[in-house]
Amino acid sequence: MRPALFSRSASLGTPLLLAFLALAVLGLAGCATKPPASDPDALADYQQTNDPLEPTNRVFYAINNGLDTVILRPAALAYRYVVPEPVRNGLHNVLSNIGSPVQLTNDVLEGKPRRAGDTTMRFLINTTVGVLGIFDVATKWGYPDHDADFGMTLANWGVPEGPFLFLPVLGPSDPRDAAGFGVDIAFDPFTWVGTGPNKPGWKAFKWSRFGVGAIDSRERVLDATDSITKTALDPYATFRSLYRQHRRAQIEQLENDHRSTSPDWYPPPAAPAAK
Amino acid sequence: MILRRSLLTLVAVPALLPVSARAQSTEKASAFVKSTGDRLVAIVNGPGAAAGKRAAMTQILNSDVDVDGIGRFCLGRFWRQATPDQQKRYLELFHQVLVTNITAKLGEYQGVTFTMGRARMQDDEAVVSTTVVRPNNPPTGVDWIIADPASAPKIIDVVAEGTSLRLTQRQDYASYLTHNNNNVDALISAMKNQIAQNGNQAG
């Protein structure tokens, strides 16, 4: 099982939609009942879960689930049925290649030069040799992919994740990742090109990217989500747990990436003289 | 001079011992994971009906996995609140849930292979890293947490891409119990339902 349940693509939605969502969350905010101090175990559980907006979150979870059942999941199943595997992989690679500018910006902001180098090389190689990003040649040539988004960058800067949020359409999140999502849209050059009237080509491109991106992300987690809804007693709590664990793992991987920036032939710094 | 050297040796030897013991533990843990993994892969990719595979899987779970320990961990603070009878019924069901959930996924893992990575000690437990490769899927990093690696190795957790199996299960149960008046009997009947539903599909 690959737990990248909700791979984050910066192409979804618009800032306006986000503002609306933020208002909706504030307006509907029902609060979970905090257990009394006389029950320290329950209180510790409550604090560890850190989901004070749980009733509201569950409402959005139910709405999302409904939308998923009637729209996104059937679309993803149809996509899997109609489009052969190699074509799906090619489309996925193209989408991920288009996301390189956002990835690179975050690599730089995270102060990870080797990651920024990987992203740059991947973009150059896959756009040319990989035919506009269809084939991921760069991974075979020693430039593997990694995750980078502004939520991770904020975490790297020491911003805490905050309470759990389940956002309409976007799914599991937290204030840090929701803010990161908006900033990533602003980082994306495609947000700013072709915005004027009479640009039908750009409009078509943006909407196809959005649509194919949503269906591609959903198709890739079909098996994982199906098996979770089948095996979990409380799927909401399971998705909450998985989302957080997965984000923590991504951030940990980022923070542990200490690859040196000096080339192999460059003499390493002299070790302190032995006494 | 000689005295000083032998003194040094005396000091150095005990200091070195834990290091080599740890190295031995990680080696044993790696060998253990390799052998369990090989058997799992053989079951998944092997011929035979679902019922036979389920039986073989149960055998591996009973011999190589500390199912009771994981079960206690997953019930968390509710383990102490449960009566001995509830604890017993819960653990019996937990064994079945684990087998059912794993057998339900066998189809997804057709053609699976894995490669061994490095092993390290974390407190008293060994963490053995592997990379699991399924056809048409990106490779997945899977860590196996092994208790008592030197004497009686048992798997106590599986961490796939940073998500822990037992922690996820524990938070699932905790949430279910919180929404059902902390009633362990409610959890037990929910587990029964689940086995009845998923077990039929798995055959």
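Start by selecting A:Leu67: with 40% relative accessibility, this residue counts as partly exposed, because the partly exposed class lies between the buried limit of under 20% and the exposed limit of over 50%. Keep in mind as you click around that this is a predicted model.

Zoom out a little and you'll see that A:Leu67 sits in helix H3 of chain A, which covers residues 54–82. Now add A:Val59, A:Ile63, A:Val70, A:Ile71 and A:Val169 to the selection: together with A:Leu67 they make up a nonpolar patch on the surface. Show it as a surface if you like; the patch has about 560 Å² of accessible area in total.

Next, hop over to chain B and pick helix H1, residues 2–45. Inside that helix, select B:Ser30. Is B:Ser30 buried or exposed? It is buried, because its relative accessible area is 19% and the cut-off for buried is under 20%. To see what touches B:Ser30, skip the neighbours within four places in sequence and display B:Met116, B:Ala119 and B:Val128, which are in contact with it.

Stay in chain B and turn on the cartoon for the sheet. Its 5 strands run in the order E1-E2-E3-E4-E5, forming an open sheet with antiparallel pairing. Colour the edges: strand E1 (113–122) and strand E5 (163–164) each pair on one side only.

Last stop: the E5 edge. Strand E4 of chain B, residues 154–160, pairs with E5(B) in the antiparallel sense over 2 bridges. Select B:Val159 and look across to E5(B), where B:Ser164 stands opposite.

Definitions and conventions: Residues numbered from 1 in each chain as written. Chains lettered and ligands numbered in written order. Predicted model: local features only at pLDDT ≥ 70, side-chain atom pairs only at ≥ 80, totals over all residues. Heavy atoms only, no water. Pairing = 2+ DSSP bridges. Helix = DSSP H or I, 4+ residues; strand = E, 2+ residues; numbered from the N terminus. Patch = residues over 30% accessible without salt bridge, like charges linked within 9 Å, V, L, I, M, F, W, Y side chains within 5 Å. Areas by Shrake-Rupley, 256 points an atom, 1.4 Å probe, with all protein chains shown as cover. Salt bridge = Lys/Arg side-chain N within 4 Å of Asp/Glu carboxyl O. Buried < 20%, exposed > 50% of the residue type's maximum accessible area, 1.4 Å probe, protein only. Contact = heavy atoms within 4.5 Å.
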